[in-house]
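Trainee: Please take me through one part of this model in detail. I would like to see how a single strand sits among its neighbours, and then how that fits the rest of the chain.

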Amino acid sequence: MTNNTTRCGLIAIVGRPNVGKSTLLNALLGQKVSITSRKPQTTRHRILGILTEESNQAILVDTPGLHTEEKRAINRLMNRAASSSIAEVELIVFLVEGTHWTQDDELVLQKVKQSGAPCILVVNKVDNVEDKEALLPHLQKLGEMHSFETIVPVSALKGDNVDTIKQMCFDALPEGDFWFPEDYITDRSSRFMASEIMREKLMRFTGDELPYSTTVEIEQFKQDEYGTLHINALVLVERNSQKRMIIGNKGEKLKTIGQEARRDMQNLFGQKVFLETWVKVKSGWADDERALRSLGYGDDYSG
C-alpha cells in the first residue's frame, strides 16, 4: 500500500435495545451524533457516524436495537432497519451487556451468524458488573457461541477500551476512496439532528410510558439575517393524558425540555437558536406505516 492509499468501509454496531450502542458510537467519534437515554429503544433510526483519521474512514452504522416484540408497526420497522444494516458490512460490532444474556441477544446472534460477516463481540458496561469473578467464565461461554474475531470488554461511557475497538474497525477496512468529506461527522441533516435532540430531552424528562408514543417533527428550520436559527418543533403524542404529562403544570415541564434542547442545539450548530415547541395529539401514529413514513421513518427502513 502506498502512502496515498485510503481505506473506507461500513461497520455495523448491533445489539439488543439499551446495551449502549449509541454511547459507543459517540465515544468512537468523540462527538455526540446519536441520542442516548436509560430507556430501551431510544434509537429509532439508522444513523451513520463518519470516523475519519489519517488514511482511514470508517462509516459506523448505529442501529435500533433488535428485539423480539413486534406488535406495533414502529417495532417492525425498527427491526427491519437493524437487520438490513448487517448486510454488506466489513465488520459487525456486536454489543452485549456485562454478564447478562437475553432472548433478544440470542436474536441478534442469529442475525450475525446469518450475515456471515466477521464479528467482534463487545461486552459493554463491565464496570457495572458486581461479581467480577463471574465475568471470565461468562466471556468463555460467549466465546463458544460463535467464531467471533475477538471478545473485548469495554465501558463505552467511561471510554475504557474504546480505542481498541476503533483500531479494530480501521483494520477491517478495505482499500477504497472516502465516501464522505473528511470533516463530515454524520450523514444526517441539521433538521434531523434537531428533532433527535428534542426527542432525547422528552425521553429524559418524562415517564416510562411516553417513549413509544412520542415523536418530533421539525416544522421550520431556517436561519435569519443575523445568523440565528429559528426552529419550530411539533411533538406528537397518542393521547391527551400524554400531552398533559409533557406540558406539565403551567407548562413548566415543556419549558424545561425546550431549554435543555435549545442548549444542546446551540452547542451542536455553533449558533444562537430560537426554539418554539408545540404538543399535538395524533392517535395511532406509531402503528400506522403511512403516518410513520410521513414522519421520516421511511427512508432507512427499506431493505
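**A close look at β3**

Mentor: Start with the pairing. β2 and β3 run antiparallel and are joined by seven bridges. One register point helps: G49 has L60 in β3 as its bridge partner. The two strands form a hairpin with two residues between them. In that turn, E54 has a positive phi of about 50°. This is a predicted model, so read every value as computed from it.

Now the other neighbour. β1 and β3 run parallel, again with seven bridges. Here L10 is matched with I59 of β3.

How enclosed is β3? Seven of its seven residues are buried, so the strand is largely enclosed by the rest of the structure. Buried here means under 20% relative accessible area. In a regular strand the side chains alternate between the two faces of the sheet. In β3, N56, A58, L60 and D62 point one way. Q57, I59 and V61 point the other way. Both sets are buried.

Next, the core. The largest nonpolar core has 27 residues. L60 is among the members that touch the most others, together with I11, I13, L24, V93 and I165. β3 (56-62) is one of the elements that give two or more residues to this core. The others are β1 (7-15), α1 (21-29), β2 (47-53), β4 (91-97), β5 (119-124), α5 (162-171) and α6 (190-205).

Look at I11 to see β3 from across the pairing. Leave aside neighbours within four places in sequence. I11 is then in contact with A58, I59, L60 and V61. Its contacts also include E90, L91 and V93, as well as C169, A172 and L173.

α1 comes next. The buried residues of this helix pack against β3, and also against β1, β2, β4 and α5. Seven of the nine residues of α1 are buried, so the helix is largely enclosed by the rest of the structure. They are K21, S22, L24, L25, N26, L28 and L29. An α-helix has 3.6 residues a turn, so residues three or four places apart point the same way. After α1 comes G30, with a positive phi near 70°.

For contrast, turn to another sheet. It is open, has three strands in the order β7-β8-β9, and its pairing is mixed. β7 (215-223) and β9 (273-281) are the edge strands, each pairing on one side only. Neighbouring strands are turned by 15° against each other on average, direction ignored. β7 and β8 (residues 229-237) pair antiparallel over eight bridges. Within that pair, K222 has H230 in β8 as its bridge partner.

Two helices lie across this sheet. α6 crosses β7, β8 and β9, running at about 135° to β7. α6 also gives two or more residues to the largest nonpolar core. α8 (residues 252-269) crosses β7, β8 and β9 as well, at about 135° to β9.

Last, the whole chain. The secondary structure comes to nine helices and nine strands. Buried residues make up 50% of the 303 residues. Among contacts with a separation of 6 or more, 72% join residues 24 or more positions apart. The chain exposes about 14600 Å², with carbon and sulfur atoms supplying 44% of it.

Conventions:
Residues numbered from 1 in each chain as written. Predicted model: local features only at pLDDT ≥ 70, side-chain atom pairs only at ≥ 80, totals over all residues. Heavy atoms only, no water. Core = buried A, V, L, I, M, F, W, Y, C linked by side-chain atoms within 4.5 Å. Buried < 20%, exposed > 50% of the residue type's maximum accessible area, 1.4 Å probe, protein only. Helix = DSSP H or I, 4+ residues; strand = E, 2+ residues; numbered from the N terminus. Contact = heavy atoms within 4.5 Å. Pairing = 2+ DSSP bridges. Axes fitted to C-alpha atoms, helices over the stretch in contact; angles between N-to-C directions. Areas by Shrake-Rupley, 256 points an atom, 1.4 Å probe, with all protein chains shown as cover.
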